[in-house]
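Let's take a friendly walk through a protein model, one chain and one contact at a time. Have a look at the sequence and the structure here before reading on.

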Amino acid sequence: MSDIRLEVKKVSKTFGITKALQDVSFNIAKGEIHALIGENGSGKSTLTNSLAGIYHKDRGTFLLDGKEVDPANQVEANNEGISIIVQELGTLDGLTVAENIFLGHEEQFVKFGIKNTAAMNRKANELLKKYGFDKIKAPDMIDDYNFEDRKLVEIVKATYFSPKIVVIDETTTALSREGRDELYKQMKRIREEGNTVIFISHDLPEVLEMSDTITVLRDGVYIDTVKSSEIDEDGLKKLMVGRDVTGAYYRTDYGEEVSSEVVMKVEDVTVPGLISDVNFELHKGEILGFGGLSESGMHEIGKACFGASFDREGRVTLADGTQINDIPTAIAHSIAYTSKDRDNESLVMNQSIRDNICLPSLKELSNKAHMLSDKKLKSFAEEFAKKMSTKMQSVDQFVSNLSGGNKQKVVLARWIGKDSDILLLDSPTRGIDIKVKQDIYRLMDEMRKSGKSIIMISEELTELIGMCDRIIIMKDGRINGELLRSADIDENSLIAKMV
Amino acid sequence: MNKAENTGKRLSGGVKGYLLLLIMVLISWGIFKIITPDNFGSPKNMLSYFEASLLAAVGAVGFYFVMVMGMFDFSIGANIMLSAIVGCVFANRFGLGYFGLVIGAILTGAIVGLLNGAFYVKLRIPSMIVTTGLALIYESVANFIAGGVEQTLPSDLRAFGQMPGNLILAVIAFAVAYLLLNYTRIGTYTYAIGSNEFVAKNMGIKVNKYKVLAFIISGAFLGVMAVLTISYGSSMVAVTGMASMSRNFVPTMGCFFGLAFKKYGMPIPAIIIGEFVINIIFFGFIALGAPTAVQDVITGLALLIIVMLTTKVAKGEIVK
């Protein structure tokens with residue numbers, strides 16, 4: 001009996017003039033965690049989405065256990081033994097937890113056209129208990145749960161029927177440490193059962209630790225498949241980028257004096273149910289990091305400082321005495337904010353890259369008669385999209401057609417174009433590939449040196465340690481500790497204050 | 001700081017929903033009872049207001065399937081008119097009696113729904129525009145069938161216009177809607193499509209099929225409403241020039257109640273009680289002898305306030 005679970009044979013897919021996949025061929029074995037890596041726009045998600053029935057490939061074949069599969073949608077893919085956990089939210093509001101788990105598979109609970117809701121809830125509760133997610137209740141509306149818990153529901157939904165292949169597409173970046181550990185546990189369980197995980201991640205240490213085999217794609221072309229035990233991080237970077245990725249990844253300076261000039265003062269800030277009595281100062285030319293567990297309240301810090309929190313109490317004051325209580329005041333005073341929830345809070349999905357990049361800068365881009373020049377907007381958008389190495393056909397392309405990482409680049413290009421003095425960056429490198437990550441870190445360092453101040457909120461402890469002058473750790477909505485930049489700080493020093 | 005709660009939250013949500021509706025009934029009744037105590041709000045009066053509210057409530061529970069999916073229907077009034085006229089013709093002219101009245105009206109309503117859904121799905125034009133255009137056609141068809149003459153239902157065929165016939169038919173309709181919404185795939189898919197059509201499609205749900213089905217269900221319920229309407233009022237005039245649009249208002253408002261109380265897990269009871277509140281206000285104005293224009297202004301404002309207070313959109317939630 002063959003050990004090959006999936007044969008990918010000359011699979012191609014185009015979007016307009018973009019060749020997302022070009023004759024990609026490789027094999028995936030049974031009972032392994034097979035990582036799929038590559039830069040943003042390299043075709044990883046396009047390939048797995050085609051396998052899972054979300055997209056339809058133009059050419060080529062997928063052979064699952066020797067049999068051709070070409071699912072028209074996710075349910076057909078499930079029936080073939082393929083499931084997927086997507087990067088963004090994959091559950092539906094307005095339905096219960098149980099209805100979400102069994103969506104498209106209700107037939108097992110339907111008799112004479114009538115759905116047995118009690119049986120469905122019972123079965124869902126059994127599954128949730130089996131996975132150790134007892135805190136989630138099957139009859140509850142999914143809307144009552146946060147992003148993290150909804151991802152746990154997705155894990156159950158994608159794996160409860162023991163599929164032959166489970167695709168996990170860049171899901172870990174959306175999860176806190178506990179969520180990741182839970183996902184890793186499930187990945188190992190799937191492998192132990194003799195099934196296969198296709199694991200997409202930009203986190204190379206995570207890829208090396210978790211996977212058995214790694215396939216690299218670049219610009220929609222298959223590059224190589226290697227054993228995880230036979231390669232290191234630098235080797236992977238070289239395969240992904242096509243050249244040696246040399247030079248420092250994070251900042252290398254230590255002991256540099258941060259300016260004493262305070263550009264933003266946060267006093268007694270409370271957002272009911274999220275953060276309590278938060279006090280700190282941001283200095284000129286400083287990168288101030290915020291870390292903690294996903295639900296620690298750290299993600300609210302950016303919103304609170306940007307005037308975007310609801311029912312916020314306390315004061316956020318700039319050096320000139322301006323109080324930041326709303327978003328227009330924040331933007332008018334050169335403050336930029338990027339949200340963790342990129343698709344819902346940062347991007348206008350059905351608008352062009354040009355419109356998204358130019359949006360906060362329209363005032364500066366208009367002439368004395370308040371008229372906008374199409375040419376000027378386009379060249380402005382092109383300049384900053386290119387600066388961020390955004391993979392696109394043109395700036396007229398809709399943002400919704402971009403890969404996750406490229407969407408993030410558009411968000412950052414917008415604020416770099418705006419030339420803001422204070423940047424509030426929530427998870428700025430989420431879903432970003434290694435090369436652009438390096439570019440962003442370099443850019444942040446340049447901004448810092450030019451006197452701009454940055455608040456960096458991140459669940460990536462290594463990037464906080466590598467980039468920040470100071471790290472504030474949040475726990476249960478409150479500040480639970482502060483660490484100054486030092487070569488001696490390691491992840492454990494941060495984790496000790498997080499949990 | 002997990003926002004997740006246990007199942008108790010849902011139960012209390014339902015109780016809260018019923019309490020809110022009860023308060024609305026009491027307030028609307030109380031205001032008019034204080035202003036005009038003699039000719040408004042006796043138990044007998046209240047029963048007749050409730051009977052009148054059943055008409056629109058039946059149409060509204062069907063229309064809810066369309067609205068939850070994020071679509072709209074401007075041909076509600078034309079559908080009711082056409083279905084009532086066809087039902088009346090079947091019962092009267094073809095001598096099919098109650099069978100002809102009920103089946104004729106429901107079938108016509110469902111066919112109108114099918115046409116609405118099919119045109120909307122095939123032409124890929126916003127549902128508001130499609131149904132507005134089709135409403136003009138339905139009005140003309142009704143006028144043609146009626147021969148420009150008012151269609152009257154004989155007195156021996158009006159059992160659905162009074163107790164207990166109207167109540168029995170309405171309760172059957174509510175039970176069917178409840179069953180469809182809570183105990184069939186149609187209900188689950190209706191909410192799924194309303195929540196995120198793209199994800200629903202990826203889950204193998206035939207989105208267009210269920211959209212058309214929602215229009216058919218809505219149409220069939222409007223057919224039942226047509227039976228109740230012509231039985232209650234005894235006749236129907238086939239108006240043209242979009243005059244049938246005036247019949248859209250009450251079922252649509254009831255549907256808004258359903259949408260507002262969806263979060264409490266009780267859209268159908270909310271529609272039924274909501275229509276009752278609308279009728280209490282309506283009959284209150286009649287008891288006051290207020291001019292129609294004043295009635296319309298105050299009714300419109302009162303309903304906007306009710307929906308605003310009960311909907312209570314979460315902070316940051318986008319309303320379109």
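Helices (runs of at least four residues) and strands (runs of at least two) are DSSP runs, numbered from the N terminus. Keep in mind that this is a predicted model.

**Chain B on its own**

Chain B holds 12 helices and two strands. Read from the N terminus, its elements follow the order α-α-α-α-α-β-α-α-α-α-β-α-α-α. How compact is chain B for its 320 residues? Its radius of gyration is 20 Å, close to the 20 Å that the globule rule gives for this length, so chain B is as compact as a globular protein of 320 residues.

The table collects some values for chain B.

| Property of chain B | Value |
|---|---|
| Box filled by the C-alpha atoms, along the principal axes | roughly 65 × 55 × 35 Å |
| Buried residues, as a share of the 320 residues | 48% |
| Contacts between residues 24 or more positions apart, as a share of those with a separation of 6 or more | 79% |

**Where the chains meet**

Now turn to the contact between the two chains. How many residues does each chain bring to it? Chain A gives 34 residues and chain B gives 28 residues. On the side of chain A that touches chain B, helix H2 (74–80) and strand S8 (114–115) of chain A each supply at least two residues. The largest share comes from H2(A), with three residues. Sorted by character, the residues on this side of chain A are 12 nonpolar, 11 polar and 11 charged.

Conventions: Residues numbered from 1 in each chain as written. Chains lettered and ligands numbered in written order. Predicted model: local features only at pLDDT ≥ 70, side-chain atom pairs only at ≥ 80, totals over all residues. Contact = placed C-beta atoms within 7 Å. Nonpolar A, V, L, I, M, F, W, Y, C, P; charged D, E, K, R; others polar. Rg over C-alpha atoms; globule rule 2.2 N^0.38 Å. Buried ≥ 20, exposed ≤ 12 C-beta atoms within 10 Å, placed from the backbone.
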